[in-house]
Amino acid sequence: GSPLIADFVDLTVTHPGPGASDLDNLAAPILRNCAGCPLQGMSAVDEANLLAPDLVAFWGGNNDVLNAMFAGVAIVGVTVTPPDSFAASYNEVMTGLSASGRTLVTYNIPNIVDIPYATTIPPVVVDPATMQPVLVGGQPVPLLGPGDAAYPCTPAPPCGLPPGSLVMLPASQLLAAGYGLPPAVCPPSLPYCGQPLPHGTFTPPATLSPGVVLYPDDIATIVSTTNAYNQSIASAATANGAILIDANALFADVAAHGYDIGGIHLTSAYATGGLFSYDGVHPSAIGYGVIADVFIRTLNAVAGTTIPEPNFSDILFTPNVPNVGGASVTSNGGPWHYSFDTWRAALGTAFSPRLAVVMPAVPRAAAPALPRRPTPRTVRTLDRAHDPRD
């Protein structure tokens, strides 16, 4: 892939050590291929083949387009892996994993513009007390952005976000300080009224200033690139005799209709729907249970195996693990309780060290603070009736 993007699909080469991405160095102790580790010098594909397993499952490539969402701008070769580079790396991995007599299963890539990270905050002004759109003349009021090449502000920035724009969860802390709010509807206590929510920008040769809004042209790039990736995945699955699981269709169906298990209706709603974790990107324990169930049912149907399905009574009613090391609940994250610290953590594992990421300044707290919604808890909503700690 691009030298500016972390090598998420390049699993045939080891990267740990100085100059590697944070993600590579975090993965190295798990893969045991760090310096002095038992499998030093072995790639993930080498390790997958080490014990000659009969079954290998591979799901890779999500971050090659997801990074555009973390950065708030879709630039092929900077925040999005070029489709031809993706295809070459994916084919290399699949060829390395295929072996005579082995069952190989792979997933395609969901449409990331449907996940809570991108769908929770509406692109219009909301009343923080009710979280409902503010209407002026019977119409919602668009949040302010700086514009981009395809949607410039005329005569000058800022201007309202065009229809079809998306606002990412890290905007929550900015909105709490007045960013993105037109002065006519912004409380005078907020210090940054009238300032636009940032859109990501790239300064050659290697400086990224991330943003929190995606314009329709960004979204079009993300969708078209995802489609190109999935075509490559389907071709690689056919060429290597792999079973292909359509994660794209699964996530689209969940976003549109939710998911029902034993009379319990789950959705992709942020923090309360039950299927996604607090970061708005990764599935929750329940969500991963659904993915595992689809994997097992597909494998049993195609390969004739008899693997038992997950025990959803355990998954639904077992509390999530507690905070590690006494970590406190997220604070100062705005009305949606998503802080800059969480955003920084995502960006820290997303890009190569060769790309300098320059974060926006953290806005100072406004006084008085916006009314707060109940803080998301580590225990899922579905667990409350079954958790003695409540």
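1. A disulfide is a pair of cysteine sulfur atoms within 2.5 Å. Cys34 and Cys37 fit that description, since their sulfur atoms lie 1.9 Å apart and they form a disulfide. Both partners are hidden from solvent: Cys34 is buried, and Cys37 is buried as well. Please keep in mind while reading on that this is a predicted model.

2. A search of the whole structure turns up three disulfides. Counting the bonded cysteines along the chain, their pattern is 1-2, 3-4, 5-6. As a reminder of the chemistry, a disulfide is a covalent bond joining the sulfur atoms of two cysteines.

3. Another of these links joins Cys153 to Cys159, with 2.0 Å between the sulfur atoms. The torsion about the S-S bond of Cys153 and Cys159 is about -75°, so this disulfide is left-handed. Cys153 has a relative accessible area of 9% and is therefore buried, given that buried means under 20%.

4. Cys186 and Cys193 also form a disulfide, and here the sulfur atoms are 2.0 Å apart. This link is left-handed, with -65° about the S-S bond. How accessible are the two ends, Cys186 and Cys193? Cys186 counts as buried because its relative accessibility is 8%, whereas Cys193, at 24% relative accessibility, counts as partly exposed.

5. On to the rings: the structure holds 14 aromatic pairs. In one of them, Tyr270 and Tyr278 have ring centres 6.0 Å apart and planes at 40°, so the pair is tilted. Tyr270 counts as buried because its relative accessibility is 11%. Tyr278, at 28% relative accessibility, counts as partly exposed.

6. Tyr278 has a further ring partner in Tyr338, and this aromatic pair is stacked, with 5.7 Å from centre to centre and 25° between the planes. What does the pair of Tyr278 and Tyr338 tie together? Tyr278 sits in the loop between β15 (264-266) and α9 (285-303), and Tyr338 in the loop between α10 (312-317) and α11 (340-348), so the contact ties together parts that are 60 residues apart in sequence. Tyr338 is buried, with a relative accessible area of 1%.

7. There is also an aromatic cluster worth bringing up on your screen. Its members are Trp59, Tyr107, Phe251, Phe276 and Phe295.

8. Now for the charged side chains, where the background is simple: side chains of opposite charge can pair when their charged atoms come close. A search of the whole structure finds two salt bridges.

9. One of the salt bridges is between the side chains of Asp293 and Arg297, at 3.1 Å from N to O. Asp293 and Arg297 are four residues apart in helix α9, so about one helical turn separates them. Is Asp293 buried or exposed? Asp293 is buried, with a relative accessible area of 5%, while its partner Arg297 counts as partly exposed at 37% relative accessibility.

10. In the other, the side chains of Arg344 and Asp341 meet at 3.2 Å, N to O. Arg344 and Asp341 are three residues apart in helix α11, so they too are separated by about one helical turn. Arg344 is partly exposed, with a relative accessible area of 34%. Asp341 has a relative accessible area of 55% and is exposed.

11. Finally, the interior. In soluble globular proteins, nonpolar side chains tend to be buried together. Here, the largest nonpolar core has 92 residues, and those with the most contacts inside it are Met69, Tyr117 and Leu197. Which element gives the most to this core? That is α9, with seven residues.

12. Leu197 deserves a look of its own. Leaving aside its neighbours within four places in sequence, Leu197 is in contact with residues including Leu143, Leu144, Gly145 and Pro146. Among its other contacts are Val167, Ala171, Leu174 and Leu175, along with Tyr179 and Gly180. Val212 and Val213 also touch Leu197.

Notes. Residues are numbered from 1 along each chain as its sequence is written. This is a predicted model: local features need pLDDT of at least 70, side-chain atom pairs count only at pLDDT 80 or more; totals for chains, interfaces and linings use all residues. Side-chain values use heavy atoms; hydrogens and water are left out. Rings of Phe, Tyr and Trp (its six-membered ring) pair if their centres lie within 6.5 Å; planes under 30 degrees apart count as stacked, over 60 as edge-to-face and the rest as tilted. Buried means under 20% relative accessible area, exposed over 50%, partly exposed in between (1.4 Å probe, protein chains only). Helices (H or I, at least four residues) and strands (E, at least two) are DSSP runs, numbered from the N terminus. A salt bridge is a side-chain nitrogen of Lys or Arg within 4 Å of a carboxyl oxygen of Asp or Glu. A nonpolar core is a set of buried Ala, Val, Leu, Ile, Met, Phe, Trp, Tyr and Cys residues joined through side-chain atoms within 4.5 Å. Contact means heavy atoms within 4.5 Å.
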